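This report concerns the placement of a ligand in a protein model. The sequence and structure are shown first, and the account of the binding site follows.

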Amino acid sequence: MRNLNELVFDNRYATLPETFHTRLSPTPVPEPYLVAWNPDALELLGLRPEAVHTREFVEIFAGNAPLPGSEPLAAIYAGHQFGHYVPQLGDGRAILLGELAHPSGSRWEVQLKGAGRTPYSRGGDGRAVLRSSIREYLCSEAMHGLGIPTTRALCITGSDMPVMRESAETGALVTRLAESFIRFGSFELFYYRSQHDEIKTLADFTLRHYFPAQLDEARPYPALLAEVTRRTAKLMAQWQAVGFCHGVMNTDNMSILGLTLDYGPYGFMEAYDPAYICNHSDHDGRYAYDQQPQIGAWNCTCLAQALLPLMEVDDAKEALSGYGETFATEYMRLMCAKLGLPFEEASVPLVTGLLDLMARNRVDYTILFRSLARFDSSAVASNATLRDQFIAREDFDAWAKSYAERLRTIGSDDKTRAARMNRVNPKYVLRNHLAETAIRKARDERDFSEIERLRSLLARPFDEQPEFDDYAKEPPDWAREIAVSCSS
Ligand code: AMP
Ligand code: MG
């Protein structure tokens, strides 16, 4: 375990030519303070827990003091936003401090989000508000707890500088960690500028540092595209299975490593509705829950397009062709497991049948799957707590009968099935009202304790943690007023 001044930086992204980034330092903020810090992330960096309680820590992660040896920069990228190509985006408010090497050999890029203006701010103020910083911090750790690939979060620092959104809000910075923040849009930028050498440079960089297995293949570029496609399809399957809706699946928010990236107006499915739109700014529902898998595929096609200068069209098509099968297989495998059933043909109608009924009855997605572990297959009529989640109780009865029959046929034992299901059906997800409560306490009372309570709860979402039963309940009525949008 190390102190801050013992950290060793090795910023590989900074070794890329100037076309890829702009070197600059964060813009300092007045009187920063620590809002939240994540012990799990400290461990990832090999940092001593005591390091947090120093003035140095706050100053560094507010962007006021340089991290010794770091080479801060903002990366340039482009991307398709809501289907339309935007030729230049970039880290408009994020600054990559550098890359830390953990003694174990793992490496983490450390990024400050909300660190001030950069050449890519496009009229924005380069800042992030406390509300959105808390949402990003909590959700990235919640996703990690769920076993879903994601960027991580180290800490939130706040400052009382007002940041203007629809109204004046408190500013904050969130420190994010990822092996790499390269996006699909990082490649698109150079494709649409016809800078084919740069596409090659970035692809080679990506292969060398993050895809060694693909680099070893006979044709590394198609192999890279195929692997990114595969990871993206798997990620979409995981999102769908847990009921996560990202909200802004623009290609600049798609990670080349297949991580969940850029948390904004996301939402977890509550009353099950396949057409659920979590982002209030998404008027056409382009990124609705049930659109995510096909948008994931569309985004991979954008990446393929950007990589065309490096491969034949047929190779690109071939690399993309695995998406549908990977997604369908992975999704059904996960859904079968959620029902405690083996991944086989005979389980499929039970999955789709249940989802249909859940949609018709607007059943809470997380609660239903969690409580399904307690399904009594020997006395179907005794499953009142499950049955009562359906407005039309008889809808459930017919399904329950065939579920019980199936469980009997395969010789499933209720107790072992329950244990298995509780490892894949979370009890706790980051419902909007839970985040909102933490946000209001932080904003109105400067009480940050709810952030840490949620972080540690959601780090173990499959554990019962009975003292937090209320956090597993359906949203209260006031939650209906919460509207999350692109403004952050
Ligand atoms: P997002 O929708 O958050 O993924 O952001 C899209 C683009 O806008 C990215 O290039 C961001 O860096 C940039 N951006 C978003 N908010 C701001 C802001 N407040 N100041 C500067 N740039 C921003
Ligand atoms: Mg973004």
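## Ligand site and domains

Because domain 1 (4-181) and domain 2 (185-333) both give residues to the shell around ligand 1, the ligand lies between them. The model discussed here is predicted.

The chain itself is divided into these two parts, domain 1 (4-181) and domain 2 (185-333). Their centres, taken over C-alpha atoms, are separated by 23 Å. Across the boundary, 38 residues of domain 1 are in contact with 41 residues of domain 2.

Ligand 1 sits in the largest pocket. It is surrounded by 17 residues, and the closest are Gly 90, Gly 92, Asp 125, Gly 126 and Asn 253. By class, the shell around ligand 1 consists of 2 nonpolar, 7 polar and 8 charged residues.

Which atoms of the protein and of ligand 1 are paired at Gly 92, Arg 93 and Asp 125? The table gives the pairs with their distances.

| Residue | Protein atom | Atom of ligand 1 | Distance |
|---|---|---|---|
| Gly 92 | backbone N or O | oxygen | 2.8 Å |
| Arg 93 | side-chain N or O | nitrogen | 3.2 Å |
| Asp 125 | polar side-chain atom | nitrogen | 3.0 Å |

At Gly 92 the protein atom thus belongs to the backbone, and its partner is an oxygen atom of ligand 1. Arg 93 takes part through an N or O atom of its side chain, with a nitrogen atom of the ligand as partner. Asp 125 likewise places a polar side-chain atom 3.0 Å from a nitrogen atom of ligand 1. On its own, ligand 1 has 480 Å² of accessible area, of which the protein covers 81%.

Conventions. Residues are numbered from 1 along each chain as its sequence is written. Chains are lettered from A and ligands numbered from 1 in the order in which they are written. This is a predicted model: local features need pLDDT of at least 70, side-chain atom pairs count only at pLDDT 80 or more; totals for chains, interfaces and linings use all residues. Side-chain values use heavy atoms; hydrogens and water are left out. A residue is near a molecule or strand if one of its heavy atoms lies within 4 Å of it. A polar contact is a pair of N or O atoms within 3.5 Å; within protein, one must be able to donate a hydrogen and the other to accept it, and residues adjacent in sequence count only if both atoms are side-chain atoms. Accessible areas come from the Shrake-Rupley method with a 1.4 Å probe; for residues, only the protein chains shown count as cover. On a 1 Å grid over the protein atoms alone, a cavity is a set of points where a 1.4 Å probe fits but cannot get out, and a pocket is an open set with protein on both sides within 12 Å along at least five of seven lines; lining residues have an atom within 4 Å of a point. A molecule sits in a cavity or pocket if more than half of its atoms lie within 2 Å of its grid points. Ala, Val, Leu, Ile, Met, Phe, Trp, Tyr, Cys and Pro count as nonpolar, Asp, Glu, Lys and Arg as charged, and the others, Gly among them, as polar. Domain bounds come from an automatic or database domain assignment. Contact means heavy atoms within 4.5 Å.
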